[in-house]
Amino acid sequence: MTGLTLEKQDEYARLLLERCRMLGIHICCAESLTGGLLCDAFVRIPGASDTFRGGVNTYAVDTKASILGVDRAFLDEHGPVNFFTAQHMAQGALQLFDCDGIALSTTGVAGPGPDGDIPAGTVYIGCARSGGKTLSVVRFFSGSRAEVRHAAVCAALEYAVECLEDECA
């Protein structure tokens, strides 16, 4: 990862943690293709422990169902890379961590090749608020597997900041 990308990631993580602190809420996450990088983005920031509740890596499809409660029949029929899965992963993280705030999730295809008809670089990001809305977006990235994973982390952090700004506006 380039220094510029890491600086951007740290900037978004710091901003998100500060925003959560201001609102008196916590944050947690559920990851798949990012494999722990989103958690790392938070714990890289000093003082994150007062806001960040934790994260879970549900890389295998069955763990999305067994740990986060994503509907197994849906996963079997449609796979894990879609809006529904991203939203339900985020909702599952809120419950798993008993989080009174916001949860982020990442699911997608990092590459190097496609997963069936889903091209490499496709990333779905979920954002759930306790007692509030659950939203998701899809983003498309190019580059190596590592570059896609790191871009997904930056995109998830940026999306969460936007979601909180929209709610606070």
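**Figure 1. Contacts and overall form of the protein chain.** In this predicted model, 65% of the contacts between residues at least 6 apart in sequence join residues that are at least 24 apart. The protein chain contains 6 helices and 5 strands. Followed along the sequence, these elements give the pattern α-β-α-β-α-α-α-β-β-β-α. The radius of gyration is 15 Å, close to the 15 Å that the globule rule gives for 169 residues, so the protein chain is as compact as a globular protein of that length. The C-alpha trace spans about 45 × 35 × 25 Å along its principal axes. Of the 169 residues, 50% are buried. The accessible surface amounts to about 7700 Å², and carbon and sulfur atoms account for 51% of that area.

**Figure 2. The open sheet and the helix that lies across it.** The 5 strands form an open sheet with mixed pairing, in the order β2-β1-β3-β4-β5. Its edge strands are β2 (residues 52-57) and β5, each of which pairs on one side only. From one strand to the next, the twist averages 15 degrees. Strands of a sheet pair through backbone hydrogen bonds, and the pairing may be parallel or antiparallel. The parallel sense is seen between β1 and β3, which pair over 5 bridges; here C29 stands opposite L104 in β3. Helix α5 (residues 83-96) lies across β1, β2, β3, β4 and β5, and runs at about 140 degrees to β3.

**Figure 3. Strand β4 and its two partners.** Strand β4 comprises residues 122-129. On one side, 7 bridges join β4 to strand β3 (residues 102-108), and the two run antiparallel. One residue of this pairing is G108, whose bridge partner in β4 is V123. Another 7 bridges join β4 to strand β5 (residues 134-140), again in the antiparallel sense. There, A128 has T134 of β5 as its bridge partner. β4 and β5 form a hairpin with 4 residues between them, and G131 in the turn has a positive phi of about 70 degrees.

**Figure 4. The enclosure of strand β4.** Why is β4 described as largely enclosed by the rest of the structure? The reason is that 8 of its 8 residues are buried, where buried means a relative accessible area under 20%. In a regular strand, the side chains alternate between the two faces of the sheet. Both faces of β4 are covered: T122, Y124, G126 and A128 are buried on one side, and V123, I125, C127 and R129 are buried on the other.

**Figure 5. The nonpolar cores.** The largest nonpolar core contains 35 residues, and those with the most contacts inside it are L16, I27, F42, L104 and L157. Two or more residues are given to this core by each of α1 (3-23), β1 (27-31), α2 (37-43), β3, β4 and α6 (145-168). The element that gives the most is α6, with 11 residues. Apart from this core lies another, of 15 residues, among them C28, V56, V70 and A103. A closer view of F42 shows its contacts beyond the neighbours within four places in sequence: L16, L17, I27, A48, F52, L104 and L157.

**Figure 6. Backbone features in two loops.** Most residues other than glycine have a negative phi, and most peptide bonds are trans. D98 has a positive phi of about 45 degrees although it is not a glycine. This residue is placed in the loop between α5 and β3. Is D98 buried or exposed? With a relative accessibility of 65%, D98 counts as exposed, since the term applies to values over 50%. The second feature is a cis peptide bond that joins G111 and P112, with an omega of about 20 degrees. P112 is found in the loop between β3 and β4.

**Figure 7. The surroundings of G35.** G35 belongs to the loop between β1 and α2. Its relative accessible area is 35%, so G35 is partly exposed. Which residues does G35 touch, not counting those up to four places away in sequence? They are N57 and R149. G35 and T106 are 71 residues apart along the chain, and their C-alpha atoms are separated by 9.1 Å.

Terms used. Residues numbered from 1 in each chain as written. Predicted model: local features only at pLDDT ≥ 70, side-chain atom pairs only at ≥ 80, totals over all residues. Heavy atoms only, no water. Buried < 20%, exposed > 50% of the residue type's maximum accessible area, 1.4 Å probe, protein only. Pairing = 2+ DSSP bridges. Core = buried A, V, L, I, M, F, W, Y, C linked by side-chain atoms within 4.5 Å. Contact = heavy atoms within 4.5 Å. Axes fitted to C-alpha atoms, helices over the stretch in contact; angles between N-to-C directions. Rg over C-alpha atoms; globule rule 2.2 N^0.38 Å. Areas by Shrake-Rupley, 256 points an atom, 1.4 Å probe, with all protein chains shown as cover.
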